[in-house]
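Reader: Please take me through a single part of this protein in close detail. I would like the pairing of one strand and the aromatic rings around that topic.

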Amino acid sequence: MKIPLPGEFAWFCLKTQTKRESVAAAHLRGLEGVEVFCPMLRYRKATRRGKIWWVEALFPGYVLARFSLETEERAVMYSQGVRGIVRFGGKVPSVPDDFVDALRHEVARQGGEEVLTVGPRITEGEEVELAHGPLGGVRATVVEVLPARERVKVLLEFLGREQVIEVDLFSLLLPRKPLP
């Protein structure tokens, strides 16, 4: 835990009001001497209305801001949407610059300002389970991924024979993979 020196500009983690990360970030950007990074996730979500793009904060309830704690703390603390600066006891730790730089680099690699677009990663040969419908609960093996149509061809055993069927990508349960 690195504690910044007085007057030093550093990245800090700010707690925001629930679901108001964007509001807090917008108001903080209006403050002179404050740099803000509020990464968002964009992904497809199946709803009753169909598949929609959903955007939410990468760190729900938090934003990252770079400022001098000595001179800007009061303005940041009372900015709309901000609930406070993350503290451990009486100490305000800074967020390492290399962490923020790596995150910004990943966002820039995708071409977005602060938005990371994610999607289900599925490969041929992977074992999946159908989530719903008449074949719900049946395990199958991915034969072909058709990303443009958001469909997948799977091989499954049905009535004593192996069949290849095409299903919606969002109707599959993906296996839990251990994180690297």
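Author: What follows covers one strand, its partners and the aromatic pairs.

This is a predicted model, so local features need pLDDT of at least 70, side-chain atom pairs count only at pLDDT 80 or more, and totals for chains, interfaces and linings use all residues. Residues are numbered from 1 along each chain as its sequence is written, and side-chain values use heavy atoms, with hydrogens and water left out.

First, the setting. The protein has three helices and twelve strands. Helices (H or I, at least four residues) and strands (E, at least two) are DSSP runs, numbered from the N terminus. Of the 180 residues, 33% count as buried. Buried means under 20% relative accessible area, exposed over 50%, and partly exposed in between (1.4 Å probe, protein chains only). Among contacts (heavy atoms within 4.5 Å) between residues at least 6 apart in sequence, 57% join residues at least 24 apart.

Now the strand. β1 spans residues 9-16. Its pairing with β5 (residues 62-68) is antiparallel and has seven bridges. Two strands pair if DSSP finds at least two bridges between them. Phe9 of this pairing has Ser68 in β5 as its bridge partner. β1 also runs antiparallel to β6 (residues 82-85), with three bridges. Here Leu14 stands opposite Ile85 in β6.

Next, the rings. The structure holds two aromatic pairs. Rings of Phe, Tyr and Trp (its six-membered ring) pair if their centres lie within 6.5 Å; planes under 30 degrees apart count as stacked, over 60 as edge-to-face and the rest as tilted. Phe12 and Phe67 have ring centres 4.9 Å apart and planes at 45°, so this pair is tilted. Phe12 sits in β1 and Phe67 in β5, and the pair links parts of the chain 55 residues apart. Both Phe12 and Phe67 are buried.

The other pair is Phe59 with Phe99, also tilted, at 6.4 Å centre to centre and 40° between the planes. Phe59 lies in the loop between β4 (50-57) and β5, and Phe99 lies in helix α3 (residues 97-109), so the pair ties together parts that are 40 residues apart in sequence. Phe59 counts as partly exposed, at 30% relative accessibility. Phe99 counts as partly exposed too, at 39%.

One charge remains. Arg42 lies over the face of Trp53, at 3.8 Å from the ring centre. A charge sits over a ring if NZ of Lys or CZ of Arg is within 6 Å of the ring centre and within 35 degrees of the ring normal.
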